[in-house]
Amino acid sequence: MRRIPALLLALFGLLALPNLAQAQDEAGIAVGDTLAPLVIHDLDGKDVDLATVIGRKPVLIEFWASWCTSCAAMLPRLKAAHQEFGDDVTFVGINVTVGDSREKARQYVEREAPPFQVLYDDAGTAAGAWDPPATSFIIIADRAGQVVYTGVGGTQNLTPALEAASGR
């Protein structure tokens, strides 16, 4: 008789695991949400109004840092995606500023030539609004600004989401 409660408890635990895993993945803006147009600084400290992009054209946004190994792994994929979708999708890279001075970020951009407009989130505007769970966090939104994809890591396959966002 004692085995039945233990078995039920184990079964309940297995059923609850997907919900726990899902709850842990809820950091960051969610697919289906709409990106708020924000004003973020560039590397020179000038305001860049993302309302000129969001809601007008599909957009890919990566939260990055010069020291981020996942971002380095993702860079060739971003360059390839930009080569394929750059006419149809705006690419924006938001430096998280953690451990990156403007000068470090500038040196990285000069050395690696990332395929995106470089922004520097020194006021934490984008981080506060879109809650990136890590560097290499990528958001893809369609023409209306609705998020169609989010992901983290250096091996993300961006093509399906970029095709959907751009209407290909």
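Visitor: Where is the place of Ala 113 in the chain?

Guide: Ala 113 sits in the loop between α3 (102-112) and β5 (117-120). Keep in mind that we're looking at a predicted model.

Visitor: What makes the phi of Ala 113 worth a look?

Guide: Ala 113 has a positive phi of about 50°, even though it is not a glycine. Most residues other than glycine have a negative phi.

Visitor: Is Ala 113 buried, exposed or partly exposed, and how do you know?

Guide: Its relative accessible area is 48%. Buried needs under 20% and exposed needs over 50%, so a value in between is called partly exposed. Ala 113 is therefore partly exposed.

Visitor: What can you tell me about the phi of Asp 131?

Guide: Asp 131 isn't a glycine either, and its phi is positive, about 50°. You'll find Asp 131 in the loop between α4 and β6. With a relative accessible area of 43%, Asp 131 counts as partly exposed, because partly exposed covers the range between 20% and 50%.

Visitor: How many helices and strands does the chain have?

Guide: There are five helices and seven strands. Going along the sequence, they follow the pattern α-β-β-β-α-β-α-β-α-β-β-α. Of the chain's 168 residues, 39% count as buried.

Visitor: How many aromatic pairs turn up in the whole structure?

Guide: A search finds four aromatic pairs. One of them is Phe 63 with Trp 130, with 6.5 Å from centre to centre and 85° between the planes.

Visitor: Why is the pair of Phe 63 and Trp 130 called edge-to-face?

Guide: Ring centres have to lie within 6.5 Å to pair, and planes over 60 degrees apart count as edge-to-face. Phe 63 and Trp 130 have their centres 6.5 Å apart and their planes at 85°, so edge-to-face is the right name.

Visitor: What does the pair of Phe 63 and Trp 130 tie together?

Guide: Phe 63 belongs to strand β3 (residues 59-64) and Trp 130 to helix α4 (residues 125-130), so the pair ties together parts that are 67 residues apart in sequence. Ring pairs also bring in Phe 137, making a cluster of Phe 63, Trp 130 and Phe 137.

Visitor: Is Phe 63 buried or exposed, and how do you know?

Guide: Phe 63 has 1% relative accessibility. Buried means under 20%, so Phe 63 is buried. Trp 130 is buried too, at 1% relative accessibility.

Visitor: Which strand holds Ile 61?

Guide: Ile 61 is found in strand β3. Its relative accessible area is 0%, so Ile 61 is buried. Leaving aside neighbours within four places in sequence, its contacts include Leu 35, Val 92, Ile 94, Trp 130 and Phe 137. Ile 61 and Ile 94 are 33 residues apart in sequence, with their C-alpha atoms 7.1 Å apart in space.

Visitor: How do you know whether Asp 142 has a salt bridge?

Guide: A salt bridge needs a side-chain nitrogen of Lys or Arg within 4 Å of a carboxyl oxygen of Asp or Glu. For Asp 142, the nearest side chain of opposite charge is Arg 143, 8.1 Å away, so Asp 142 has no salt bridge, although it is buried.

Visitor: What does the side chain of Asp 142 reach?

Guide: It reaches the backbone nitrogen of Ala 144 at 3.0 Å and that of Gln 146 at 2.9 Å. Asp 142 lies in the loop between β6 (137-141) and β7 (147-151).

Visitor: What do β6 and β7 form?

Guide: β6 and β7 form a hairpin with five residues between them, and Gly 145 in the turn has a positive phi of about 85°. The two strands pair in the antiparallel sense over four bridges. Ile 140 stands opposite Tyr 149 in β7.

Visitor: What about Asp 121, and how do you know whether it has a salt bridge?

Guide: Arg 102 is the nearest side chain of opposite charge, 9.4 Å away from Asp 121. The cut-off is 4 Å, so buried Asp 121 has no salt bridge. Asp 121 lies in the loop between β5 and α4, and its side chain reaches the backbone nitrogen of Thr 125 at 2.8 Å.

Definitions and conventions
Residues numbered from 1 in each chain as written. Predicted model: local features only at pLDDT ≥ 70, side-chain atom pairs only at ≥ 80, totals over all residues. Heavy atoms only, no water. Phe/Tyr/Trp six-rings, centres within 6.5 Å; stacked < 30°, edge-to-face > 60°. Buried < 20%, exposed > 50% of the residue type's maximum accessible area, 1.4 Å probe, protein only. Lys, Arg positive; Asp, Glu negative; His and termini not counted. Polar contact = N/O pair within 3.5 Å; in protein donor to acceptor, adjacent residues only side chain to side chain. Pairing = 2+ DSSP bridges. Contact = heavy atoms within 4.5 Å.
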